[in-house]
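Please open the structure in a viewer and keep the selection panel at hand. The tour below proceeds by selection, each stop stating what is to be found there.

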Amino acid sequence: ADLVMTVNEPCADLVRSRGGIAAENVYVIYNGPDPARFYPVEPLPELRNGREHLVLWVGQMSRKEGLGYLLDAAEELVKVHRREDVSFAIVGDGEIRQALESEAAARGLAGVISLPGHVGDEALREYMSTASVCVSLDEHSALNDRSLMIKVLEYMIMGRAIVQFPLKEVSRVCGDTTLYAATGDAHDLAAKISELLDDPERRETLGRAARERLLDGLTWPDQVPTLLSAVERAAAIGQRRLRGDAPRRRRRILSAEEQ
């Protein structure tokens, strides 16, 4: 390849250093949310299932998403700490949804954890606007540490307080606008969630700061100028190649470890 478009700076650094692409031909185009689609709306109290607070996870349910930690944290908050003021929603669909429903029921959490399945944009805005705390549960890996989790960017633009594990790139982007639980530690996850549930002022401060940070160059419309520049650059390279004055690059495939 003569030109590469990638989704964040760690991936761009990898392309520059190991892919042999000239720095001026590497373009970072963030897969950020569109403010025309993600914007706060009035909370919908019934989504809290009669409780004061809603803790929300959104995404595609798979075994790698760490949702077992959320079940563990919910069980600790409800059964150990005897919190009767919090409910949980795991919104989305995927291969383990039925298993999660069965596990929640087996733990006596069926009335606390709801799994409504895939929802449309309007319902998604309502869930996020109603949630007191949003969570992301992705753990450390070479890929995850280079990634920006889309759900986290969506939480940010919606002005939500977030609890998550401290992945490298997500931590760089979120900074101190989120709370970080120890990776793979359901007990600390429960503690951080509880901390925010008990501190409405801090939730508001973190949510506002996260939204401001996201709106400072990370939304999808913000990527349009870079995308157009990349297209123009690619067209220019193509024209040079047609004229015969641009050498063809030998393609190199990155290994799984490099990716």
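A residue is called buried when its relative accessible area is under 20% and exposed when it is over 50%, with partly exposed in between. The model on display is predicted.

**The whole chain**

Begin with the entire protein chain, which comprises 10 helices and 8 strands. Along the principal axes, its C-alpha atoms fill a box of roughly 70 × 35 × 30 Å. Of the 259 residues, 49% are buried. Among contacts with a separation of 6 or more, 71% are between residues 24 or more positions apart. The accessible surface comes to about 12900 Å², and carbon and sulfur atoms account for 49% of that area. Colouring by charge shows 33 positive and 41 negative side chains, the centres of the two sets lying 8 Å apart.

**Exposed and partly exposed loop residues**

Select Arg82, in the loop between α2 (67-80) and β4 (86-91). Is Arg82 buried or exposed? Its relative accessibility is 64%, so Arg82 counts as exposed, the cut-off being over 50%. The backbone at Arg82 has a phi near 55 degrees, a positive value in a residue other than glycine.

Next, select Asn49, in the loop between β2 and β3. Phi of Asn49 is likewise positive, near 55 degrees, and this residue is not a glycine. With a relative accessibility of 36%, Asn49 counts as partly exposed.

**Asp34 and Thr219**

Remain in the loop between β2 (26-28) and β3 (53-58) and select Asp34. Asp34 is partly exposed, at 29% relative accessibility. Beyond its neighbours within four places in sequence, Asp34 is in contact with Ile157, Trp220 and Pro221.

Add Thr219 to the selection: the C-alpha atoms of Asp34 and Thr219 are 5.8 Å apart in space, although 185 residues separate the two in sequence. Thr219 belongs to the loop between α9 (200-215) and α10 (224-243). Its relative accessible area is 3%; Thr219 is therefore buried, the limit being under 20%. Which residues does Thr219 contact, leaving aside its neighbours within four places in sequence? They are Gly32, Pro33, Pro35, Ile157 and Leu214. Ile157 thus appears among the contacts of both Asp34 and Thr219. The side chain of Thr219 also forms a polar contact of 2.8 Å with the side chain of Asp222.

**Helix α1**

Move to α1, residues 9-18, and display the side chains of Cys11, Ala12, Leu14 and Val15, which are buried. Viewed down the axis of α1, the buried residues fall within an arc of 155 degrees, so they line one face of the helix. The cover over these residues includes β1 (4-6) and β2. At the start of α1, select Asn8, where a side-chain oxygen comes to within 3.0 Å of the backbone nitrogen of Cys11. Just after the helix, Gly20 adopts a positive phi of about 70 degrees.

**Ser136 in strand β6**

For the last stop, select Ser136 in strand β6 (residues 133-136). Ser136 counts as buried, at 3% relative accessibility. Not counting residues up to four places away in sequence, Ser136 touches Trp57, Met149, Lys151, Val152, Tyr155, Val163, Gln164 and Phe165. Display Asp138 as well: its side chain and that of Ser136 make a polar contact of 3.2 Å.

Definitions and conventions: Residues are numbered from 1 along each chain as its sequence is written. This is a predicted model: local features need pLDDT of at least 70, side-chain atom pairs count only at pLDDT 80 or more; totals for chains, interfaces and linings use all residues. Side-chain values use heavy atoms; hydrogens and water are left out. Helices (H or I, at least four residues) and strands (E, at least two) are DSSP runs, numbered from the N terminus. Buried means under 20% relative accessible area, exposed over 50%, partly exposed in between (1.4 Å probe, protein chains only). Contact means heavy atoms within 4.5 Å. A polar contact is a pair of N or O atoms within 3.5 Å; within protein, one must be able to donate a hydrogen and the other to accept it, and residues adjacent in sequence count only if both atoms are side-chain atoms. Accessible areas come from the Shrake-Rupley method with a 1.4 Å probe; for residues, only the protein chains shown count as cover. Lys and Arg count as positive and Asp and Glu as negative; His and the chain ends are not counted. The place of a charge is taken as NZ of Lys, CZ of Arg, CG of Asp or CD of Glu. The arc is that of the directions from the helix axis to the C-beta atoms.
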